[in-house]
Structure formats: C-alpha cells, structure tokens
Amino acid sequence: MKKVLILGAEMVVKPIVTYLIEKGFEVTVATRTKSKAEAMIGNHVNGHAVAWTVEDEATLGEMVAGHDLTVS
C-alpha cells in the first residue's frame with residue numbers, strides 16, 4: 001500500500017485526504033492541531049493524525065522517509 005504524508009490540515013486539504021483514503025492509500029496528516037486532522041480522517045483505518053510543527057525538523061525527516069509521497 002502506498003503511503004502519503006500531508007503536511008497541514010486546513011480545509012483545502014480535506015478533499016485530497018478523502019480521495020486518497022477512499023482509493024486505498026494510507027494517509028498521514030501531520031499538523032499543529034491534531035484534532036483538525038482527526039476530524040478530517042474520521043474513522044478511516046488508513047488515516048493517521050500526527051501533532052507536528054515546522055520547527056520539528058527531525059520528526060519531519062523521519063515522516064518523509066517513511067512515506068512514498070509528501071504533499072505540503
């Protein structure tokens with residue numbers, strides 16, 4: 001299964017998150033406000049929410065390395 005990392009959880013991201021999850025991709029949404037990402041993902045088994053800020057470069061590197069595609 002392909003893994004996609006989405007950085008940020010503003011409203012413009014919701015359609016792509018929904019589309020990717022419905023097409024069978026594993027999607028991680030990393031954002032400052034984890035509750036926004038959780039609301040976007042809902043109860044989808046292939047969706048993951050992560051609390052993250054741009055200052056955390058080490059975590060960003062780990063997340064990017066663990067996914068096939070990153071969208072910012």
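Which residue in strand 2 is the bridge partner of L5? I looked this up first and found T28.

Before going on, I noted that this is a predicted model, in which local features need pLDDT of at least 70, side-chain atom pairs count only at pLDDT 80 or more, and totals for chains, interfaces and linings use all residues. Residues are numbered from 1 along each chain as its sequence is written, and side-chain values use heavy atoms, leaving out hydrogens and water.

Sheet. I found an open sheet of four strands in the order 3-2-1-4, with parallel pairing; strands (E, at least two residues) and helices (H or I, at least four) are DSSP runs numbered from the N terminus, and two strands pair if DSSP finds at least two bridges between them. At the edges I noted strand 3 and strand 4 (69-71), each of which pairs on one side only. Strand 1 and strand 2 are joined by five bridges, and five bridges also join strand 2 (residues 26-31) to strand 3 (residues 47-51). In the latter pair, I saw that A30 has V50 as its bridge partner in strand 3.

Core. I then turned to the largest nonpolar core, a set of buried (under 20% relative accessible area, 1.4 Å probe, protein chains only) Ala, Val, Leu, Ile, Met, Phe, Trp, Tyr and Cys residues joined through side-chain atoms within 4.5 Å. This core has 13 residues, of which I6, V17, V27, V29 and I41 touch the most other members. At least two of its residues come from each of strand 1 (3-7), helix 1 (14-22), strand 2 and helix 2. I also recorded a second, separate core of five residues, including L7, A30, W52 and M63.

Notes
Buried < 20%, exposed > 50% of the residue type's maximum accessible area, 1.4 Å probe, protein only.
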